[in-house]
Amino acid sequence: SASGERFTIYTAKSDAEATQMRFAVEGNESSLFWADDGVVYVVVSTGADRGRLTQIAQSVYDQMEKKG
């Protein structure tokens with residue numbers, strides 16, 4: 001973003017069933033992940049709080065639903 005935020009989005013095919021978004025922190029990296037329709041999604045950032053990460057993940061989810 002213009003403020004210097006950086007988010008990385010990973011996707012992978014998966015046999016996992018649909019899951020709710022889950023938050024995890026390891027060191028200074030935080031991530032939010034979920035599975036939906038045979039795909040696992042992960043949004044990762046350094047220093048982003050849970051609220052901001054949730055906004056980004058929700059935006060990704062919404063975009064994927066529109067293309068679904």
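Visitor: What joins S2 to strand S3?

Guide: Welcome! Strand S3 covers residues 29-36, and five bridges join S2 to this strand, the two running antiparallel. Two strands count as a pair once there are at least two bridges between them, so S2 and S3 qualify. One of the bridge partnerships links Ala 24 to Ser 31 in S3. Please keep in mind that this model is predicted.

Visitor: Why are strand S1 and strand S2 said to stand at the edges?

Guide: Look at the order of the open sheet, which is S1-S4-S3-S2, with antiparallel pairing. S1 (7-13) and S2 (22-26) each have a single partner strand, so one side of each is left without a neighbour in the sheet. As for how the strands are turned, neighbours in this sheet differ by 20° on average, direction ignored.

Visitor: Which residues make up the largest nonpolar core?

Guide: There are eight: Leu 32, Trp 34, Tyr 41, Val 43, Leu 53, Ile 56, Ala 57 and Val 60. S3, strand S4 (39-46) and helix H1 (50-67) each give two or more residues to this core. H1 provides the largest share, with four residues. To follow one core member, take Leu 53: leaving aside neighbours within four places in sequence, its contacts are Phe 7, Phe 23, Ser 30, Ser 31, Leu 32, Val 43 and Ser 45.

Visitor: How do you know whether Trp 34 is buried or exposed?

Guide: We set its value against the cut-off. Buried means under 20% relative accessible area, and Trp 34 has 3%, so Trp 34 is buried. Tyr 41, at 8%, is also under that limit and therefore counts as buried.

Visitor: Why is the pair formed by the rings of Trp 34 and Tyr 41 called stacked?

Guide: A pair of aromatic rings is described by the distance of the centres and the angle of the planes. Here the centres are 5.1 Å apart, which is within the 6.5 Å needed for a pair. The planes stand at 15°, under the 30 degrees limit, so the pair is stacked. The structure holds one aromatic pair, and this is it.

Visitor: What makes Asp 37 count as exposed?

Guide: Exposed means over 50% relative accessible area, and Asp 37 has 74%, so Asp 37 is exposed. This residue lies in the loop between S3 and S4.

Visitor: What is the phi of Asp 37?

Guide: Phi of Asp 37 is near 55°, a positive value in a residue other than glycine. Most residues other than glycine have a negative phi.

Technical notes:
Residues numbered from 1 in each chain as written. Predicted model: local features only at pLDDT ≥ 70, side-chain atom pairs only at ≥ 80, totals over all residues. Heavy atoms only, no water. Axes fitted to C-alpha atoms, helices over the stretch in contact; angles between N-to-C directions. Core = buried A, V, L, I, M, F, W, Y, C linked by side-chain atoms within 4.5 Å. Buried < 20%, exposed > 50% of the residue type's maximum accessible area, 1.4 Å probe, protein only. Contact = heavy atoms within 4.5 Å. Phe/Tyr/Trp six-rings, centres within 6.5 Å; stacked < 30°, edge-to-face > 60°.
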